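Trainee: Please take me closely through a single part of this model, beginning from one residue and working outwards to what surrounds it. I would like one connected account rather than a list.

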Amino acid sequence: MLSRRTYLKAVPLGLAASTLTTRPAAADTGAIPAAASAVRAFTADLYRTLAATTAATTTTGNLVCAPYSVAVALAMARVGAAGSTGDEMDAVLHAPEPRPDALHPALGALDRLLAAYDDPGGTGAVTPRMSTANALWPQVDLALRPQFVDTLSTCYAAAPHPVDFLHAPEPARQEINAWVSQRTAGRIPQLLSDGSISAATSLVLTNAISLKAAWLFP
């Protein structure tokens with residue numbers, strides 16, 4: 001079921017720059033089934049949890065979530081994790097075995113496949129209009145590990161956009177919000193609220209998905 005909605009997640013990270021690595025031009029279709037399987041399993045877990053929480057707190061209303069967006073945001077954060085934290089995130093994301101790191105190129109291939117269905121000039125009534133946009137917002141002098149940046153750039157097209165959180169936290173917040181608003185056609189004008197960014201912020205990771213399409217069953 002498709003709806004006219006836009007979703008965006010932001011995950012603040014504290015990971016210890018490199019040049020932009022461009023997204024590969026073609027999707028590795030052989031990797032897509034692993035990504036689709038992982039997202040479906042993650043979706044079932046997430047929906048089960050949200051449904052139980054919703055049932056416990058309200059007796060009316062519908063539940064709408066964007067599991068693909070949540071999965072991608074978590075997978076991007078997973079690139080910067082290690083040890084037991086990484087293992088736990090792999091389990092939550094249902095990363096493929098025996099090579100959990102294969103999740104990243106697989107999700108990248110799935111993202112490029114979805115992007116191929118986008119109709120930039122359309123209204124969304126016949127063919128969907130969908131764009132995905134990811135980014136890293138590190139403090140200008142924060143040294144990010146090259147493998148972290150390269151994986152996010154290559155698999156998730158998440159380019160680094162250095163900003164000065166330390167000396168100009170409010171302009172940095174406004175810059176991120178302006179980028180998000182532009183990428184979501186103005187549907188999310190203010191992702192980061194007043195006071196959410198401070199001089200102590202080191203890195204922000206953003207994941208955005210904008211979708212405009214007709215309902216399969218109106």
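Mentor: Setting aside residues up to four places away in sequence, alanine 106 touches Ala31 and Ala35. The model is a predicted one, and what follows should be read with that in mind. Alanine 106 lies in helix 4, and with a relative accessible area of 1% it is buried, the cut-off for that class being under 20%. The chain brings a remote stretch to this place, for the C-alpha atoms of alanine 106 and isoleucine 32 are separated by 5.4 Å although these two residues are 74 residues apart along the chain.

From that residue we can turn to the helix that carries it. Helix 4 covers residues 103-115, and its 13 residues should span 18 Å at 1.5 Å a residue; the C-alpha atoms at its ends are 18 Å apart, which agrees with that expectation. Buried along helix 4 are Leu103, His104, Ala106, Leu107, Gly108, Ala109, Leu110, Asp111 and Arg112, a set that includes a histidine, an aspartate and an arginine beside the leucines and alanines. The partners against which the buried residues of helix 4 pack are helix 1 (32-57), helix 2 (67-78), helix 3 (83-93), strand 2 (129-138) and helix 5 (146-156). Two of these partners, helix 1 and helix 5, deserve a separate description.

Consider helix 1, to which Ala35, one of the residues touched by alanine 106, contributes. The axes of helix 1 and helix 4 come within 8 Å of each other and cross at roughly 95°. An angle of 65 to 115 degrees counts as roughly perpendicular, and helix 1 is therefore roughly perpendicular to helix 4. On the helix 1 side the contact is made by Ile32, Ala35, Ala36, Ala38 and Val39, and these meet Leu103, Ala106, Leu107, Ala109, Leu110 and Leu113 of helix 4. Sorted by class, the residues of this contact are 11 nonpolar, with no polar and no charged residues.

The packing with helix 5 can be set beside this. Helix 4 and helix 5 have axes 8 Å apart and pack at an angle of about 30°. Angles under 35 degrees count as roughly parallel, and helix 4 is therefore roughly parallel to helix 5. Here Leu103, His104, Pro105, Leu107, Gly108 and Arg112 of helix 4 meet Thr151, Thr154, Cys155 and Tyr156 of helix 5. The classes in this contact are mixed, with five nonpolar residues, four polar residues and one charged residue, whereas the contact of helix 1 with helix 4 has no polar and no charged residues. Leu103 and Leu107 appear in the contact with helix 1 and again in the contact with helix 5.

These two leucines also have a place in the wider interior. The largest nonpolar core has 36 residues, and Leu103 and Leu107 are among those with the most contacts inside it, together with Met76, Phe148, Leu152 and Tyr156. At least two residues of this core come from each of helix 1, helix 2, helix 4, strand 2, helix 5 and strand 4 (203-212). Apart from it there is a second, separate core of 14 residues, which includes Trp179, Ile188, Ile197 and Ala208. Tyr156, one of the best-connected residues of the largest core, is also one of the helix 5 residues that meet helix 4.

Finally, the stretch that leads into helix 4 has backbone features that merit inspection. In the loop between helix 3 and helix 4 we find histidine 94, which has a positive phi of about 55° although it is not a glycine. At 32% relative accessibility histidine 94 counts as partly exposed, in contrast to alanine 106, which is buried at 1%. Proline 98 has its place in the loop between helix 3 and helix 4 too, and the peptide bond that joins glutamate 97 to proline 98 is cis, with omega near 5°.

Taken together, alanine 106 is a buried residue of helix 4, and that helix is roughly perpendicular to helix 1 and roughly parallel to helix 5.

How values were computed:
Residues are numbered from 1 along each chain as its sequence is written. This is a predicted model: local features need pLDDT of at least 70, side-chain atom pairs count only at pLDDT 80 or more; totals for chains, interfaces and linings use all residues. Side-chain values use heavy atoms; hydrogens and water are left out. Helices (H or I, at least four residues) and strands (E, at least two) are DSSP runs, numbered from the N terminus. The expected span of a helix is 1.5 Å times one less than its number of residues. Buried means under 20% relative accessible area, exposed over 50%, partly exposed in between (1.4 Å probe, protein chains only). Contact means heavy atoms within 4.5 Å. Axes are lines fitted to C-alpha atoms, for helices over the stretch in contact, and angles run from 0 to 180 degrees between N-to-C directions. Angles under 35 degrees count as roughly parallel, over 145 as roughly antiparallel, 65 to 115 as roughly perpendicular and the rest as oblique. Ala, Val, Leu, Ile, Met, Phe, Trp, Tyr, Cys and Pro count as nonpolar, Asp, Glu, Lys and Arg as charged, and the others, Gly among them, as polar. A nonpolar core is a set of buried Ala, Val, Leu, Ile, Met, Phe, Trp, Tyr and Cys residues joined through side-chain atoms within 4.5 Å.
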